Amino acid sequence: MGPLATLQPMMASGAMPAPGSSAPVAPAREEILRVEDLTVSFDGFKAVDALSLSVERNELRVIIGPNGAGKTTLLDMICGKTKPTSGRVMFNGLDLTRMSEHRIVRAGVGRKFQTPSVYEDLTVFENFEISLPRMHGLFQSLTFRRTAEVRKRIDAMAGEVYLRDQLGRRAGQLSHGQKQWLEIGMLLMQEPQLLLLDEPVAGMSPREREQTGDLLSRIAQGKSVVVIEHDMDFVKRIAHKVTVLHQGKLLSEGSAAEVQSDRRVIDVYLGH
Ligand SMILES: Nc1ncnc2c1ncn2[C@@H]1O[C@H](COP(=O)(O)OP(=O)(O)OP(=O)(O)O)[C@@H](O)[C@H]1O
Ligand SMILES: [Mg+2]
C-alpha cells in the first residue's frame, strides 16, 4: 500500500466495510456521478447539449473531443461554476445542480483548472498546509496547525506528487509541471471523492507526463477521476473509459481502443 492509500478517507457512503470487519469491499461497479440530460445555452448557443453520462467509483474517465466541444463547460457545470439551463448533476445521490461551488467542494468534488493556481510566494509546505480542510485563513493555519501529524500528512502527500525534495522552496520557483503536481496534491489534501482535472499534462515534459499518468492511476485506486486530455498516447495509458464530446453532445464512449476505431471519432477528431 503506497502512502496515498493511507491518506484515503473511508468513503462516506458506507460502501466500505466497517473497520475490523472482513466484509468484502464495495462491488466494482458503483456509480458516483451521473449527468442527466445536461444543457447549457449561452445566448442561444448550446455549449453542452442534452448530455448524459455516468462515472463509477474508482474509475479514471478521460474526456476528449475537438476544441469547443464543451469539455471544460461540462466540468464547470459539475463543479457549480456554470449553472445548466436544464438537466441535472447527481453525485453520490446528491443533486449538485443548484448547489454553490463551495458546497460542492464540501460534498467531495475537487476541481483543477487548466492553469496552475498555487500561492507562488509561499513554500510548497505552506501551500499544502493551507489546503488542509477546515482551515480558515492563512494566519490561523500557519500559527496553529503545524503539528507533527500535519507534517507527516504533508510529507506523505509531497512524496506522492513528486515534491518531497521541494517542500522548502517557494512555489513560484517550481517548474510548470511541479506546480501542476502541487495543485493536484493540494486538492487531494481535501480528500475529495471525485477529482476533475482539465488538461493536467499540457506543457509537461514526456517524463513528467509519465509520472502524472502513474499518479492519476494511483489516485483512481481510491477515488474517481475525470480528466480532459488531448494527447491520445497519454489517454491510452491511463483511461479506464473514454467519453468523446463533439458540439456539446456525446459522440462516442468506450475503451480507448474502441473510440479510436470509431469512424465518427476519426472523422471529427482523431483524423485531423
Ligand atoms: N461563458 C461562456 N459564454 C459564451 N460562450 C461560451 C462560454 N463558455 C464557453 N463558451 C463556448 O462554448 C463552447 C465550448 O467551450 P469549452 O471551453 O467547453 O470547450 P472545450 O471542449 O473545453 O475546448 P478546448 O479543447 O479548446 O479547451 C465554445 O464554443 C466556447 O466558446
Ligand atoms: Mg477546455
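This report describes the ligand shell, one helix, one strand residue and the main nonpolar core of the structure above.

The model is a predicted one, and its chain has an average pLDDT of 88, with 85% of the residues scoring at least 70. Residues 5-18 are a stretch to read with this in mind, since the pLDDT there is below 50, although the model gives this stretch 19 contacts beyond near neighbours in sequence.

**The ligand and helix 2**

Around ligand 1 lie Phe42, Ala47, Gly65, Asn67, Gly68, Ala69, Gly70, Lys71, Thr72 and Thr73. By residue class, this shell divides into 6 polar, 3 nonpolar and 1 charged. Helix 2, which spans residues 71-78, supplies the largest share of the shell, with 3 residues. The helix is itself mostly covered, as 7 of its 8 residues are buried, namely Lys71, Thr73, Leu74, Leu75, Asp76, Met77 and Ile78. After helix 2 comes Gly80, which has a positive phi near 85 degrees.

**Leu197 and Val225**

Leu197 belongs to strand 7, which covers residues 194-198. Leu197 counts as buried because 25 other C-beta atoms lie within 10 Å, where 20 or more are required. Although Leu197 and Val226 are separated by 29 residues in sequence, their C-alpha atoms are 6.2 Å apart in space. The contacts of Leu197 and of Val225, leaving out residues up to four places away in sequence, are set out below.

| Residue | Contacts beyond four places in sequence |
|---|---|
| Leu197 | Lys112, Val225 and Val227 |
| Val225 | Leu60, Leu195, Leu197, Leu216, Ile219 and Ala220 |

Each of these two residues thus appears in the contact list of the other.

**The nonpolar core**

The largest nonpolar core contains 65 residues, and those with the most contacts inside it are Ile78, Phe128, Val161, Leu182, Leu196, Val225 and Val244. Helix 7, residues 176-189, gives the most to this core, contributing 7 residues. The core also draws at least three residues from each of two domains, domain 1 (29-117 + 192-272) and domain 2 (119-173).

Two of the residues named for their contacts inside the core have been met above: Ile78 is among the buried residues of helix 2, and Val225 is in contact with Leu197 of strand 7.

Terms used. Residues are numbered from 1 along each chain as its sequence is written. Chains are lettered from A and ligands numbered from 1 in the order in which they are written. This is a predicted model: local features need pLDDT of at least 70, side-chain atom pairs count only at pLDDT 80 or more; totals for chains, interfaces and linings use all residues. A residue is near a molecule or strand if its C-beta atom, placed from the backbone, lies within 6 Å of it. Helices (H or I, at least four residues) and strands (E, at least two) are DSSP runs, numbered from the N terminus. Ala, Val, Leu, Ile, Met, Phe, Trp, Tyr, Cys and Pro count as nonpolar, Asp, Glu, Lys and Arg as charged, and the others, Gly among them, as polar. A residue is buried if 20 or more other C-beta atoms lie within 10 Å of its own, exposed if 12 or fewer, and partly exposed in between; C-beta atoms are placed from the backbone. Two residues are in contact if their C-beta atoms, placed from the backbone, lie within 7 Å. A nonpolar core is a set of buried Ala, Val, Leu, Ile, Met, Phe, Trp, Tyr and Cys residues joined through C-beta atoms within 7 Å. Domain bounds come from an automatic or database domain assignment. pLDDT is the predictor's confidence in each residue, from 0 to 100.
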